[in-house]
Amino acid sequence: MPYTFCPQCATRLSPRTLDGVQRLVCSECGWVFYDNSLPCVGVLALREGKILLAKRAVAPFEGYWDIPGGFLESGEHPEEGARREFLEETGLHIEPTDLLGFFMDVYGEEEEPTLNICYLARLRGGEEKAGSDAADIEWFPLDALPERIAFNWAQEALALLRESIQGADR
Ligand SMILES: [Zn+2]
């Protein structure tokens, strides 16, 4: 998110090139805005050829189906974030087994860059119930996914998962 004023001393920030990169810098206290992509985690839990998706209860993409997951907390390991977010949204416990990959995307009207870490996971019990910012959850066969999928990265991840499973079947 671009800042206008220094979060330390409230002086107006000015653009400056540091090490070849343009940054917002405070001329008063020297604070530098090092902008990063927001780290997010997503979890793909397969059961009998079906994948659990969550219908978003909030904007952006309200009403669209999404890979369960969310933003990591500061200092939180992505695997821990995966367990926490999946439990919050689905009521189910998981254990991450493999990394499907990293996916770049943007979030919301501000189009903030996100770095999405996507795990494959094994289910470990719990009681299936939509919660947090999920309005509903549902198991979908990989070859019959819903049309309205939220976020480009989720579409990419699901396509990659489908390819890797079909590849393994051959
Ligand atoms: Zn300052």
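Phe61 is partly exposed, at 36% relative accessibility. This value, like every other reported here, was computed from a predicted model. Phe61 sits in the loop between β5 (50–56) and β6 (65–66). Its aromatic partner is Phe151, in the loop between β10 (134–141) and α2 (152–169). The two rings meet edge-to-face. Their centres lie 4.9 Å apart, and the planes make an angle of 65°. The pair therefore ties together parts of the chain that are 90 residues apart in sequence.

Phe151 differs in burial class. At 6% relative accessibility, Phe151 counts as buried, because the cut-off for that class is under 20%. Phe151 also pairs with Tyr107. Here the rings are stacked, with 5.8 Å between centres and 20° between planes. Tyr107 belongs to strand β8 (residues 92–107), whereas Phe151 lies in the loop between β10 and α2. These two residues are 44 apart, and the pair links distant parts of the chain. Tyr107 is partly exposed, with a relative accessibility of 26%.

These contacts are part of a wider aromatic group. Phe61, Tyr64, Phe71, Tyr107 and Phe151 form one cluster. In total, the structure holds 9 aromatic pairs.

The backbone shows several points of note. Most residues other than glycine have a negative phi, and most peptide bonds are trans. Phe151 has a positive phi of about 70°, although it is not a glycine. Asp19 likewise has a positive phi, near 50°, and is a residue other than glycine. Asp19 lies in the loop between β1 (14–18) and β2 (21–25). At 83% relative accessibility, Asp19 counts as exposed. The peptide bond from Ala59 to Pro60 is cis. Its omega is near -5°. Pro60 is placed in the loop between β5 and β6, the loop that also holds Phe61.

The overall fold was examined next. The chain contains 10 strands and 2 helices. Read from the N terminus, the order is β-β-β-β-β-β-β-α-β-β-β-α. Seen along the principal axes, the C-alpha atoms fill a box of roughly 60 × 35 × 30 Å. The chain is divided into two domains: domain 1 covers 1–35 and domain 2 covers 38–169. Their C-alpha centres are 34 Å apart. By these bounds, Asp19 falls in domain 1, while Phe61, Tyr107 and Phe151 fall in domain 2.

Contacts across the sequence were then considered. Among contacts between residues at least 6 apart in sequence, 61% join residues at least 24 apart. The pair of Phe61 and Phe151 spans 90 residues, and that of Tyr107 and Phe151 spans 44.

Burial and surface were assessed for the whole chain. Of its 170 residues, 39% are buried. The chain exposes about 9900 Å². Carbon and sulfur atoms supply 47% of that area. The charge count comprises 30 negative and 15 positive side chains. The centres of the two sets lie 2 Å apart.

How values were computed:
Residues numbered from 1 in each chain as written. Predicted model: local features only at pLDDT ≥ 70, side-chain atom pairs only at ≥ 80, totals over all residues. Heavy atoms only, no water. Helix = DSSP H or I, 4+ residues; strand = E, 2+ residues; numbered from the N terminus. Buried < 20%, exposed > 50% of the residue type's maximum accessible area, 1.4 Å probe, protein only. Contact = heavy atoms within 4.5 Å. Areas by Shrake-Rupley, 256 points an atom, 1.4 Å probe, with all protein chains shown as cover. Lys, Arg positive; Asp, Glu negative; His and termini not counted. Charge placed at Lys NZ, Arg CZ, Asp CG, Glu CD. Domains from an automatic or database assignment. Phe/Tyr/Trp six-rings, centres within 6.5 Å; stacked < 30°, edge-to-face > 60°.
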